[in-house]
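Thank you all for making the time this morning. I would like to take you through one protein model, beginning with its overall figures and then turning to two of its strands.

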Amino acid sequence: MKLSYLLMGCILVVLLAVMPAQAFTAKTLTITLNGNGDAQADMQYDLSFVEQAAIFFHAADPSAELQNALQNNLNRPVTVVSADMSSADVIIPSFATVTQSGSSTIITTPPFSFANAQQEMRNEWYASFISADFAPQTTTITFPDGYQASFNDQISIPSVSHTIS
């Protein structure tokens with residue numbers, strides 16, 4: 001009986017050793033703009049079992065980590081409305097620039113990138129044990145009139161301008 005437990009334990013260790021560990025996988029990022037340039041960003045992602053356990057046992061605070069990363073990247077304050085093991089909702093005041101040109105309104109989003117987060121992950125001591133993918137599979141920016149700009153598997157999103165008549 002003890003031999004079967006030992007054998008099962010060895011098989012489990014081998015499986016865990018050869019199984020790739022995905023730390024963070026960004027699935028979708030949806031940015032919805034309002035007329036004054038404020039944005040609501042909704043991100044869907046997958047976390048590894050270890051990260052889920054850290055959140056469950058309150059060893060990590062995804063809300064604070066996300067807020068710090070966004071504020072550093074965008075150079076402006078953000079408010080994390082909610083963050084859990086699979087999604088985060090964030091309010092970003094004055095995300096886009098709004099200018100008037102006659103009877104038209106031009107809304108321009110800034111370029112932004114997750115490359116810094118990807119690089120910071122590579123510098124961590126545990127980087128050789130995990131594989132993180134910070135490029136959302138789909139990024140969608142929705143303007144107040146319903147116009148959408150979409151990007152697939154891009155870690156850096158360019159500035160987008162749209163004119164609303």
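What follows is a short walk from the whole chain down to individual strand pairings.

Please keep in mind that this is a predicted model, in which local features need pLDDT of at least 70 and side-chain atom pairs count only at pLDDT 80 or more, while totals for chains, interfaces and linings use all residues. Residues are numbered from 1 along each chain as its sequence is written, and side-chain values use heavy atoms, with hydrogens and water left out.

The protein has 4 helices and 11 strands, these being DSSP runs numbered from the N terminus, with helices (H or I) of at least four residues and strands (E) of at least two. Of its 165 residues, 31% are buried, meaning under 20% relative accessible area with a 1.4 Å probe, protein chains only. Among contacts (heavy atoms within 4.5 Å) between residues at least 6 apart in sequence, 52% join residues at least 24 apart.

Turning to strand E2, residues 39-47, we find that the side chains alternate, with Ala39, Ala41, Met43, Tyr45 and Leu47 buried on one face, and Gln40, Asp42, Gln44 and Asp46 pointing to the other and not buried. E2 runs antiparallel to strand E4, residues 87-92, and 6 bridges join them; there, Ala39 has Ile92 as its bridge partner.

Strand E11, residues 161-164, also alternates: His162 and Ile164 are buried on one face, whereas Ser161 and Thr163 point to the other and are not. E11 pairs with strand E6, residues 104-108, in the antiparallel sense over 4 bridges, pairing being defined by at least two DSSP bridges between two strands, and Ser161 of E11 stands opposite Thr108.

Note on methods: Buried means under 20% relative accessible area, exposed over 50%, partly exposed in between (1.4 Å probe, protein chains only).
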